[in-house]
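Colleague: Please walk me through one part of this model in detail: the charged pairs, and how they sit relative to the packing around them. Take as much room as you like.

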Amino acid sequence: MIMDELKIHELFDLTGKVAIVTGASRGLGKAYSIGLAKAGANVVAVDISDVSETVDEIKKLGRETIGIKVDVSKKVDVEAMVKQTVEKFSRIDILVNNAGISITGPTETMKEEDWDKVMAINLKGQFLCAQEVGKHMIEQRSGKIINQSSLTGLVGFPQATAYNSSKGGTILLTKTLA
């Protein structure tokens, strides 16, 4: 059953809150961004790909938003993302660590560069974003960090060695941060 916007707003009122969503150009990241905006949050849509479609949909909902091109595996990009967000909105209340990739194939033929790329985006990226955003949340004495994982972090699926491992790492990163 799909709830209408009024019911969503009554249950999940995020008016005045600021959310950063990584991996916001499509899929779950786009859905998270729009859902948070429907609940009243202003949203910073982040991705290495173009987020203009997500930003346009958020604006249609009457929320403030900015789109930022970020490689979450690079500390300098993450620091710039946080700086831009704080300059625009003066706060960060929610971080949805959603950016991720999967490179599949047999473990015995996986390239080291592919392993490193998956780990850099899926796990290191979540760490860097949580670390940098967390500094502001500690200072504010409030905030929520949501790390996107997967069932594959608990149950290894064939042909997805790096992805499975990164999602298992996400589960333990989340427990450690908590």
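Modeller: Let's start with Arg91, which is partly exposed at 28% relative accessibility. Keep in mind that this is a predicted model, so everything here is computed from predicted coordinates. The side chain of Arg91 meets that of Asp93 in a salt bridge, with N and O 2.6 Å apart. Asp93 counts as buried, because its relative accessibility is 4% and the cut-off for buried is under 20%. So this pair joins a partly exposed Arg91 to a buried Asp93.

There are eight salt bridges by the rule used here, and another one worth your time is Glu57 with Lys30, at 3.2 Å from N to O. That one ties together distant parts of the chain: Glu57 belongs to helix α3 (residues 52-60) and Lys30 to helix α2 (residues 27-38), with their positions 27 residues apart. Here the acid is the partly exposed partner, Glu57 having a relative accessible area of 30%, while Lys30 is buried at 14%.

Now compare a pair inside one helix. Lys135 bridges to Glu132, and their closest N and O atoms are 3.2 Å apart. Both sit in helix α5, three residues apart, or about one turn of the helix. Lys135 is partly exposed, with 45% relative accessible area, whereas Glu132 is buried at 12%. Back with Lys30, salt bridges with shared partners join Lys30, Glu53 and Glu57 into one network.

Helix α5 is also a good way into the packing. Gly134 is found in this helix and counts as buried, at 13% relative accessibility. From Gly134 to Leu95 is 39 residues in sequence, and their C-alpha atoms are 9.0 Å apart. Val133 is in contact with Leu95 as well, along with Ile20, Met81, Val82 and Ile92, if you leave aside its neighbours within four places in sequence.

Val133 turns up again in the largest nonpolar core, which has 20 residues: Ile20, Val44, Met81 and Val133 are the members that touch the most others. Two or more residues each come from β1 (18-22), β2 (42-47), β3 (65-69), α4 (75-89) and α5 (112-140). The largest share, five residues, is from α5. A second, separate core holds 15 residues, including Leu14, Val21, Ala41 and Ala45.

Ile20 and Val21 take us to β1, where five of the five residues are buried. In a regular strand, side chains alternate between the two faces of the sheet. In β1, Val18, Ile20 and Thr22 point one way and Ala19 and Val21 the other, and all of them are buried. Ile20 is among the best-connected members of the largest core, and Val21 is part of the second one. Next to β1 runs β2, parallel and joined by five bridges, with Thr22 standing opposite Val46.

For contrast, end on the outside. Leu151, Leu154, Val155 and Phe157 make a nonpolar surface patch of about 410 Å². Phe157 sits in the loop between β5 (144-147) and α6 (161-177) and is partly exposed at 40%. Thr152 lies in that loop too, yet Thr152 is buried at 8%. Apart from neighbours within four places in sequence, Thr152 is in contact with Phe157, Tyr163, Asn164 and Lys167.

Key: Residues are numbered from 1 along each chain as its sequence is written. This is a predicted model: local features need pLDDT of at least 70, side-chain atom pairs count only at pLDDT 80 or more; totals for chains, interfaces and linings use all residues. Side-chain values use heavy atoms; hydrogens and water are left out. Patches are made of residues with over 30% relative accessible area and no salt bridge: like charges are joined within 9 Å, nonpolar side chains (Val, Leu, Ile, Met, Phe, Trp, Tyr) within 5 Å. Accessible areas come from the Shrake-Rupley method with a 1.4 Å probe; for residues, only the protein chains shown count as cover. A salt bridge is a side-chain nitrogen of Lys or Arg within 4 Å of a carboxyl oxygen of Asp or Glu. Helices (H or I, at least four residues) and strands (E, at least two) are DSSP runs, numbered from the N terminus. Buried means under 20% relative accessible area, exposed over 50%, partly exposed in between (1.4 Å probe, protein chains only). A nonpolar core is a set of buried Ala, Val, Leu, Ile, Met, Phe, Trp, Tyr and Cys residues joined through side-chain atoms within 4.5 Å. Contact means heavy atoms within 4.5 Å. Two strands pair if DSSP finds at least two bridges between them.
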